[in-house]
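Let's take a friendly walk through a protein model together. Have a look at the structure, and then we will go from its surface to its interior.

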Amino acid sequence: METIEALLTMLIQISVPVFAIASMLSMGLRTPLHSFRNQLRDRRTVFSVLGANFVVVPAVGTLLIWLLNGLLPHQTGEGFIIALCAAGAPFVLQLGAMARIPYGETAGPMAVLLLGSILFMPLVVPFLLQDVSVHGWAVARLLLGTMLAPMIAGIVIAAVFPIHADHLARTAGSVAAVSAVLMFLSGFGSNSMLVMELLLSPVMLVAAGLVAMAFVAGRISGDLAGPTLTVPDGPAILTSQRNIAAALLVARTGAEEGTTADSSIVVSILLLSAVGFVMLVPYALATGVVRRRRDGERISLGVLLGVVGPTRD
């Protein structure tokens, strides 16, 4: 039994950075440089999305967690706070495709949020979690090496070898998907007793409330956004799906590995991400069906999941 737990612990230590690197490489390979330029020129959209993700969500979410701290076992609240500070999740590209949101309206803001997370998390997370040893420079160095560098590498490779960019992006995306599955299985499997305890506590309701709060904040920012965003619920999806890779990387620099605190923080981040996934995928699929039917598109499983492009009658 101890051997299995040690194997699962080692697996999550490997799968987290692999997931971060592969997902950001895939995102960079799929995102043209002009997407960033167009997004940065629309200052109204940039400020509304940044405000929702780095002011409203962390502030309101942290306040709620502090108020409900007595209901959250172990250091679950600390894990939630780290996740709320992490924006720019690569998975929103797939959610946006499901919801039939133009690619540039998810890729551009997501890249801006990723850059914001790299600047925001090293400064704010240590301030909010003073009882957890999170070092700002260690966080910044980790995020730069495992998230920003792969994204820039992907953009450069796509510019130099455009013919091979799509194939490389699919390969990197497959690696990211496999590592994500291993990350969840190893994270939950190595802490099965803790997971059962959290499932029987109010933690799941708190997680659902945080996701809903982030969705509302993102939806309001979509209404306040500029002309580059034509689908107002795009920022809602973007804001409510937090960047699990960045959150886990930051969490691993904090509490001592193998301790109850470390396990609680990692599991709570995984749980919040899983709750967001369960809530957002049905929403994205339902809105995607409505939009595709409205535009007279034939709906296949591949189109619905955003794997292939739309087809028209």
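L64 counts as partly exposed, because its relative accessibility of 34% falls between the 20% limit for buried residues and the 50% limit for exposed ones. Keep in mind that this is a predicted model. You can find L64 in helix α3, which spans residues 43-67. Together with V55, V56, V60, L63, L67, L68 and L71, L64 forms a nonpolar patch on the surface. The accessible area of this patch adds up to about 670 Å².

Now step back to the whole chain. The protein chain has 14 helices and 2 strands. Of its 313 residues, 53% count as buried. The chain exposes about 14000 Å², and 71% of that comes from carbon and sulfur atoms. How much of the contacts with a separation of 6 or more comes from residues 24 or more positions apart? The share in this protein chain is 81%.

Next, the interior. In soluble globular proteins, nonpolar side chains tend to be buried together. Here, the largest nonpolar core has 71 residues, and the members that touch the most others are I82, M121, L143, M147 and M183. Helix α6 (residues 103-128) is the biggest contributor to this core, giving 10 residues. Try zooming in on I82: leaving aside residues up to four places away in sequence, I82 touches M121, V125, L129, A247, V250, A251, I265 and I269. There is also a second, separate core of 9 residues, with L95, M98, V231 and I237 among them.

Helix α9 (residues 192-199) is a neat one to look at. Which residues of helix α9 are buried? They are L194, V195 and L198. These residues lie on the same side of α9, because they cover an arc of only 100° around the axis.

Finally, let's turn to charged side chains. Side chains of opposite charge can pair when their charged atoms come close. The structure holds 3 salt bridges, and the table lists each pair with its distance between N and O atoms.

| Salt bridge | N to O distance |
|---|---|
| D166 and R170 | 3.0 Å |
| D223 and R219 | 2.5 Å |
| R291 and D233 | 2.9 Å |

Where do the partners sit? D166 and R170 are both in helix α8 (residues 162-189), 4 residues apart, which is about one turn of the helix. D166 is partly exposed, with a relative accessible area of 40%, and R170 is partly exposed too, at 45%.

D223 and R219 both belong to helix α10 (residues 203-224), again 4 residues apart, or about one turn of the helix. D223 is partly exposed at 49% relative accessibility, and R219 is partly exposed at 29%.

What about R291 and D233, which form a salt bridge with their closest N and O atoms 2.9 Å apart? This pair links distant parts of the chain: R291 is in helix α13 (residues 260-294), while D233 is in the loop between α10 and α11 (234-240), 58 residues apart. Are these partners buried or exposed? R291 counts as buried because its relative accessibility of 13% is under the 20% limit. D233 is also buried, with a relative accessible area of 3%.

Note on methods
Residues numbered from 1 in each chain as written. Predicted model: local features only at pLDDT ≥ 70, side-chain atom pairs only at ≥ 80, totals over all residues. Heavy atoms only, no water. Buried < 20%, exposed > 50% of the residue type's maximum accessible area, 1.4 Å probe, protein only. Contact = heavy atoms within 4.5 Å. Areas by Shrake-Rupley, 256 points an atom, 1.4 Å probe, with all protein chains shown as cover. Patch = residues over 30% accessible without salt bridge, like charges linked within 9 Å, V, L, I, M, F, W, Y side chains within 5 Å. Salt bridge = Lys/Arg side-chain N within 4 Å of Asp/Glu carboxyl O. Arc of directions from axis to C-beta. Core = buried A, V, L, I, M, F, W, Y, C linked by side-chain atoms within 4.5 Å.
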